[in-house]
Amino acid sequence: PLFVEEMTKAVLEAESEGAARRTVAAVPSPTLAVPASLHASLMARLDRLGPAKEVAQIGSAIGREFSHALLASVARKPEAELGSALERLVAAGLLFRQGVPPHATYLFKHALVQDAAYGTLLREPRRALHARIAEILGSQFADIAERQPELLARHCTEAGQIEKAAGLWGKAGQRSLERSALVEAAEQLTRALTQIAVLPVTPALRREQINLQVALINPLMHVKGYAAPETKAAVERARLLIEQAKALGETLEDPLMLFSVLYGFWAVNYIAFNGDPVRELATQFLALAEKQRATIPLMIGHRLMGTSLLFTGDIGEGRVHYNRAIALYDPAAHRPLAMRFGQDVRVSTLSFRSLALWALGYPEAALADVAHALKDAREIGQAVTLMYALTATSLTHAYCGNYAATNAQSDEIVALADDKGAVLWKAFGALNQGCALAMTGKASDAVQIITSGIAVWRSTGATVWAPLFQSHLASAYAELGQLDDALRCIGEAMTTVETTRERWYEADVHRIAGEIALKSPKADAAKAETYFERALAVSRAQQAKSWELRAAMSMARLWRDQGKRRQARDLLAPVYGWFTEGFDTLDLKEARALLDTQG
């Protein structure tokens, strides 16, 4: 549209019919997206504006949009002369004006118009102009400079004021991080580090470099993924910088810096799940925290140890560490740590303790943790903390049979993650939706969503939760009668459990394998019974009563159908009788109904 408009104006402004015909003949093939003649036309129109061209150049250096007050301060022209130039630009259709001078604001009608005006500036005058804009913003428009440090940073960068620009980009990045503008934070912090990299190294500059490098880890975790190459590189770079500083005898002003890097390494190994390093890193983190006797590292160390133990199958011990982390938490002191260690510590701990409590056989306590985690996350008002809470607790809801809550939370996480550019969380939300569909018999939709979700999940470097996702995908395939695909997926889930040691879901992997064996054209009851026995053995070893109840129900149904009603009741009744709460949750209601049929 801009090209058509410019060509039309060029014809109308032509001095003769011959000149107009030559203009039309110069129009290139319509297959070209932005014809070169468009840039030439814009340049020619600017040249014909006389003194107004300089005002357009100044405006283009300020930005696509600028205020009359700022332009006047930078241009340093008599008001009448400035007003006349602006009138010409508005009349020519190159600028739009809103309001009345001196309170007016101006907008270049198209980014290409701004680019054309900016392109006419020579290098040194352009740098001097940006320096003047930066100086005036800092001295006369301090409120704007304070609210928008990225604006001042851009002008300092263009002016060649590297050290000042680096500080401002860093400030902008931290601000963006605080408001969960994750994509912007990653970009701004990267620009700050790029600026610092060309400056002579001093101890003060190295400290700032470490601060920014550590800060960069968090937005990359959420935008690229915890285990993405960019995130791993940022963590490794932060570790290297800290080691260099220590080798030079320089001390870190912030004692949490090293813990932030250790957390980064733990998070990388957790998301790309590798059970042994996850436990080793958590142990290392907690040992260092205990040595320093500092509350914050101790609290985070217990949280990391809790998750490491939970996911490797020591569910009861994991709960103990979660309890310790929550006991150390102080909202006033510790909520600001959210963007230093992934998300709010209490919210993340409650979210995962809910899974531990459910597995251990306390559904009501698990749902209480879910409610508290979501309440705190919404009060904090930080997107990454809310995304974390929504994803983890939606699984607890699903295990309790609250599928409507699971779907509502999954929809919310997908929308929020999409808005924040958080690919990993969007994939997680979609996978939770798919698992809920598999649990509620909507197999065809489940296969589609889980399959595409796993592909995106893995593209971020993530493998954690794979046994869960693969198992539900296997169930959905079995429901559709696609037994080869079902066997392949459940086989992958079992292999993943053994190779990564992600064992918290192991019992249900074997239970689902048994259910698949019964769905084959020639139902293999013996194989199913072997799988159910394995599920019972694993759940008992883990003291995971909810997994044991599920396995006992599957075995009881099999024995009932084989006429072994007494054996079925003798297996299921003691497991059901152990529970003291949660009798209105789905598994316990189904267990009660199954017992009632045994007579």
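**Figure 1. Salt bridges in the predicted model.** A total of 34 salt bridges is counted in this predicted model. One of them joins the side chains of Glu506 and Arg534, with a nitrogen-to-oxygen distance of 3.2 Å. Because Glu506 belongs to helix H28 (residues 506-519) and Arg534 to helix H29 (residues 525-541), this pair ties together parts of the chain that are 28 residues apart in sequence. The two partners are placed as follows: Glu506 is buried, at a relative accessible area of 4%, whereas Arg534 is partly exposed, at 38%.

**Figure 2. The salt bridge between Arg557 and Glu590.** The side chains of Arg557 and Glu590 meet at 3.7 Å, N to O. Arg557 is in helix H30 and Glu590 in helix H32, so this salt bridge ties together parts 33 residues apart in sequence. Arg557 counts as partly exposed, with a relative accessibility of 28%. Glu590 is also partly exposed, its relative accessible area being 33%.

**Figure 3. The Asp561–Arg560 pair and a salt-bridge network.** A salt bridge of 3.2 Å, N to O, joins the side chains of Asp561 and Arg560. Asp561 is exposed, with a relative accessible area of 61%, and Arg560 is partly exposed, with 25%. Elsewhere, Asp508, Arg511, Glu515, Arg550 and Asp587 form one network through salt bridges that share partners.

**Figure 4. Helix H32 and its buried side.** Helix H32 comprises 12 residues, 586-597. At 1.5 Å a residue the helix should span 16 Å, and the separation of 17 Å between its end C-alpha atoms agrees with this expectation. Its buried residues are Asp587, Leu588, Ala591, Leu594 and Leu595. These residues cover an arc of only 120° around the axis, which means that they lie on the same side of H32. The elements that cover them include helix H20 (345-360), helix H21 (363-380) and helix H22 (383-399). Helix H30 (545-561) and helix H31 (565-578) are also included in this cover. Asp587, one of the buried residues of H32, takes part in the salt-bridge network with Asp508, Arg511, Glu515 and Arg550.

**Figure 5. Surroundings of Leu337.** Leu337 is located in the loop between helix H19 (331-334) and H20. With a relative accessibility of 8%, Leu337 counts as buried. When neighbours within four places in sequence are left aside, Leu337 contacts Leu256, Ile296 and Met299. One of these partners, Ile296, falls within helix H17 (residues 295-311). The C-alpha atom of Leu337 is separated by 31 Å from that of Tyr399, which lies 62 residues away along the chain.

**Figure 6. The edge-to-face pair of Phe311 and Trp465.** The whole structure contains 32 aromatic pairs. In the pair shown, the ring centres of Phe311 and Trp465 are 5.1 Å apart and the planes stand at 90°, so the arrangement is edge-to-face. The pair links distant parts of the chain, 154 residues apart: Phe311 is in helix H17 (residues 295-311), and Trp465 is in the loop between helix H25 (443-459) and helix H26 (466-479). Phe311 is buried, with a relative accessible area of 0%. Trp465 likewise counts as buried, at 1% relative accessibility.

**Figure 7. The stacked pair of Trp425 and Phe428.** Trp425 and Phe428 form a stacked aromatic pair, with 6.2 Å from centre to centre and 15° between the planes. Both residues lie in helix H24 (residues 423-439), where they are 3 residues apart, about one turn of the helix. Trp425 and Phe428 are both buried.

**Figure 8. The chain that frames the close-up views.** The protein chain has 32 helices and 3 strands. Its C-alpha trace spans about 105 × 65 × 40 Å along the principal axes. The radius of gyration is 31 Å, whereas a compact globule of 599 residues would have a value near 25 Å. Of the 599 residues, 53% count as buried. Among contacts between residues at least 6 apart in sequence, 63% join residues at least 24 apart.

Key. Residues numbered from 1 in each chain as written. Predicted model: local features only at pLDDT ≥ 70, side-chain atom pairs only at ≥ 80, totals over all residues. Heavy atoms only, no water. Helix = DSSP H or I, 4+ residues; strand = E, 2+ residues; numbered from the N terminus. Expected span 1.5 Å × (residues − 1). Buried < 20%, exposed > 50% of the residue type's maximum accessible area, 1.4 Å probe, protein only. Arc of directions from axis to C-beta. Contact = heavy atoms within 4.5 Å. Salt bridge = Lys/Arg side-chain N within 4 Å of Asp/Glu carboxyl O. Phe/Tyr/Trp six-rings, centres within 6.5 Å; stacked < 30°, edge-to-face > 60°. Rg over C-alpha atoms; globule rule 2.2 N^0.38 Å.
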